[in-house]
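Hi,

Here is the structure I promised you, with my notes underneath. Have a look at it first and then read on.

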Amino acid sequence: MSNTQDLSELYPHLCKINSPEDLQKLPAEDLPALAEEIRAFLIDKVLENGGHLASNLGVVELSLAIHRVFSSPHDHVIFDVGHQSYIHKLITGRREHFDTLRRGGGMSGFPKRTESEHDCFGTGHSSTSLSAALGFAEADRLAGSDAYTVCVLGDGAYTGGMIHEALNNCRKRLRLIIIINENEMSISKNIGRFARTLSRLRATKGYYKTKSATTSVLRKLPLIGKPMFRLLRRVKIGMKSVLYGSNYFEDLGLYYLGPVNGNDEESVELLLKEAKESRQSCVIHVKTQKGKGYAPAEETPSAFHGVAPADKTVPQERNFSAEMGSILTELAHTNEKICAITAAMADGTGLVSFKEQHPTRFFDVGIAEEHAVTFAAGLSANGFRPVVALYSTFLQRAYDNIIHDVALQKLPVVFCVDRAGLNASDGATHHGLFDVAFLSQIPDLKLYTPITRRGLRNALTNALKDDVPSAIRYPNGYENPQVVAEFFNDGEDEIRVRTSYDPKTQAPDVIIITHGRIVTEAMKARDSLQDRLSVGILLLEQLKPYDKIAEEVAKLLPSHSCQVLFLEEEIKAGGMGMMLSCALAKAPVMQNKKTVILATDDHFAVQERDEPIWKTAAVDADHIVAEILQNQT
């Protein structure tokens with residue numbers, strides 16, 4: 001029996017849905033069965049292949065309702081964050097691609113414009129959706145289009161400052177539908193007395209059915225129907241304001257609907273139709289259950305936020321994120337000035353233990369990286385030692401704050417830069433390609449690059465003693481035993497340049513200078529070349545200040561003519577290779593050296609094929625060997 005036949009037997013309703021049009025033709029009584037099949041399909045595929053599970057299980061009915069009321073791609077649907085778009089992908093013809101989810105050359109875990117015409121905007125970073133949706137809606141207004149823009153906004157994304165900037169800029173007369181999906185943290189308190197008081201009435205199916213019928217009758221009455229409808233609406237709005245006060249959204253001129261059970265497809269569909277017929281900017285507040293339909297994910301949704309592939313072996317020791325959190329928690333026992341800050345990523349950045357043991361000094365600011373950095377600057381200026389833990393790709397959002405609020409004032413804030421380097425599964429939106437380059441330009445900041453758990457402890461301990469800003473970057477993963485055995489077998493804790501050779505007795509033909517986990521590719525390249533050239537490796541545990549590191553590197557280089565290759569998995573422009581080679585240029589030992597920089601050069605390392613990410617970025621062992629041989633004289 002073919003795989004297609006297997007799927008048809010397991011998911012008879014789902015296998016008939018290859019487009020939004022197919023969904024719209026499906027009888028309403030078949031929707032509950034379709035929702036069950038979608039959940040079973042997602043559980044099966046995501047547990048096997050990896051991906052975001054809990055958030056998608058929660059938005060099944062919501063996604064179905066959206067695609068039954070609106071017509072993608074004519075109408076625009078934008079998800080924030082985009083990892084809750086799996087059902088959207090299923091409905092829009094990508095069912096057969098789920099076995100390739102988050103794999104090289106396969107289906108992205110986020111909306112991707114090049115993947116489907118139904119993905120109108122990429123949302124790998126949170127809190128960007130409403131600004132983009134507003135852009136779509138205004139463009140449609142200018143073009144005279146009747147298209148709607150639907151923005152599905154998770155309550156976590158709602159904590160981001162950009163959302164509120166965009167809300168403040170929304171016009172009333174736009175075809176813009178903003179769906180706030182509350183599934184974990186309560187935002188109801190921010191919506192006002194009116195919403196709380198009327199929620200029981202407005203969330204009932206009978207209310208909207210009656211309202212829809214009354215509206216239809218009034219509008220059809222000759223001469224007096226439409227004026228009467230407009231008058232009644234004004235009277236209703238006036239009475240609500242007098243009796244209950246307004247709410248946040250309606251104060252901004254937006255029509256508010258809800259809250260409603262987001263896992264009740266019929267109720268959501270009724271509200272979406274009401275919003276559509278209003279022909280104005282609307283906010284619909286839905287409440288969904290994360291992990292719905294899968295008991296383990298319902299009980300602990302955070303554990304099923306991101307699921308690793310079933311065949312992935314997970315080491316028993318702590319990864320770098322968990323290790324950082326453990327070290328920081330330990331250090332905070334004896335230093336009451338240490339504080340930890342994260343942006344809605346306590347689990348991802350390893351700070352759960354700190355939160356539990358030092359709750360008064362733990363701050364989760366929501367998805368607000370700019371605020372996190374300036375908040376840390378304030379803590380530091382008033383005598384505390386804040387540690388800001390963010391993914392590299394999210395730290396980009398706070399670059400101005402790092403420069404203006406921290407570095408310019410020489411405040412000793414510590415940045416723990418998680419997920420540094422290339423991150424294959426999440427794709428280009430989560431590659432930590434830029435932090436070395438943009439942090440390298442900031443005066444007085446120290447930049448550490450540990451690649452072992454001991455090195456991470458040393459870097460964090462040193463950074464908390466520094467009187468200047470510091471950044472500690474480390475990858476998503478675990479220390480490599482081969483790297484530990486080769487470069488850290490002397491038992492010394494001092495942060496320094498580590499060597500694979502004895503500079504007193506050996507003079508290699510090629511020196512590779514690198515940092516981070518990509519040292520493993522340098523080791524493979526060295527082994528491949530051992531019959532033709534001798535290759536030595538210098539592994540950096542700190543990059544900045546570059547002048548100081550250059551002095552240390554210069555002492556380890558052979559005096560004879562040789563090739564020096566700078567290797568990194570980040571962008572070349574402004575990166576370690578450029579900065580360190582420039583700092584080294586004045587050293588006499590460099591006068592007879594040929595320097596080469598191999599880095600991720602002027603592209604986002606998007607995997608178009610199923611291959612290792614380092615190969616996609618052209619910095620793997622094969623490319624290292626080719627670069628060395630090409631430049632060997």
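Helix α7 (residues 129–143) has 15 residues, which at 1.5 Å a residue should span 21 Å, and its end C-alpha atoms are indeed 21 Å apart. The expected span here is 1.5 Å times one less than the number of residues in the helix. Helices and strands are DSSP runs numbered from the N terminus, with H or I over at least four residues for a helix and E over at least two for a strand.

Before I go further, the usual caveats: this is a predicted model, local features need pLDDT of at least 70, side-chain atom pairs count only at pLDDT 80 or more, and totals for chains, interfaces and linings use all residues. Residues are numbered from 1 along each chain as its sequence is written, and side-chain values use heavy atoms, with hydrogens and water left out.

Back to α7. Its buried residues are S129, L130, A132, A133, L134, F136, A137, E138 and D140. Buried means under 20% relative accessible area, exposed means over 50%, and partly exposed is in between, using a 1.4 Å probe and protein chains only. What covers them? Among the elements over the buried residues of α7 are β1 (76–80), β2 (149–154), α8 (161–168) and β3 (176–182). Just past the helix, G144 takes a positive phi of about 70°.

The loop between α6 (86–91) and α7 has two residues worth a look. R102 sits in that loop and is buried, at 17% relative accessible area. Apart from neighbours within four places in sequence, R102 is in contact (heavy atoms within 4.5 Å) with G50, G51, H52, Y86, M107, G109, V307, S425 and D426.

H125 belongs to the loop between α6 and α7 as well, and is buried with a relative accessible area of 16%. Leaving out neighbours within four places in sequence, the contacts of H125 are D80, T393, F394, Q396, R397 and T429. The C-alpha atoms of H125 and H430 are separated by 8.3 Å, although their positions lie 305 residues apart along the chain.

On to helix packing. Two packed helices are described by the angle between their axes and the distance between the axes. The axes are lines fitted to C-alpha atoms, over the stretch in contact for helices, and angles run from 0 to 180 degrees between N-to-C directions.

How do α5 (residues 60–69) and α13 (residues 265–278) cross, and at what angle? Their axes come within 9 Å and cross at roughly 40°, so the two helices are oblique to each other. For the cut-offs, under 35 degrees is roughly parallel, over 145 roughly antiparallel, 65 to 115 roughly perpendicular, and the rest oblique. The crossing of α5 past α13 is right-handed, meaning that the near helix is turned clockwise from the far one by less than a right angle (anticlockwise would be left-handed). From α5, the residues E61, L62, L64, A65, I66, R68 and V69 meet E265, V268, E269, L272, K273 and K276 of α13. By class, that contact has seven nonpolar, no polar and six charged residues. Ala, Val, Leu, Ile, Met, Phe, Trp, Tyr, Cys and Pro count as nonpolar, Asp, Glu, Lys and Arg as charged, and the others, Gly among them, as polar.

The other pair is α17 (residues 369–381) with α19 (residues 399–407), packed at about 10° with axes 9 Å apart, and therefore roughly parallel. E370, V373, T374 and A377 of α17 make this contact with N401, I402, D405 and V406 of α19. Its residues divide into four nonpolar, two polar and two charged.

A few backbone details to check:

- S72 and P73 are joined by a cis peptide bond, with omega about 10°; P73 is in the loop between α5 and β1.
- G258 and P259 also have a cis peptide bond, with omega about 0°; P259 lies in strand β4 (residues 255–261).
- R279 is not a glycine, yet has a positive phi of about 55°; R279 is in the loop between α13 and β5 (282–287).
- A344, another non-glycine, has a positive phi of about 65°. A344 is in the loop between β6 (338–342) and α16 (352–357) and is partly exposed, at 38% relative accessible area.

As for the whole chain, there are 27 helices and 17 strands, and 56% of the 633 residues count as buried.

Cheers
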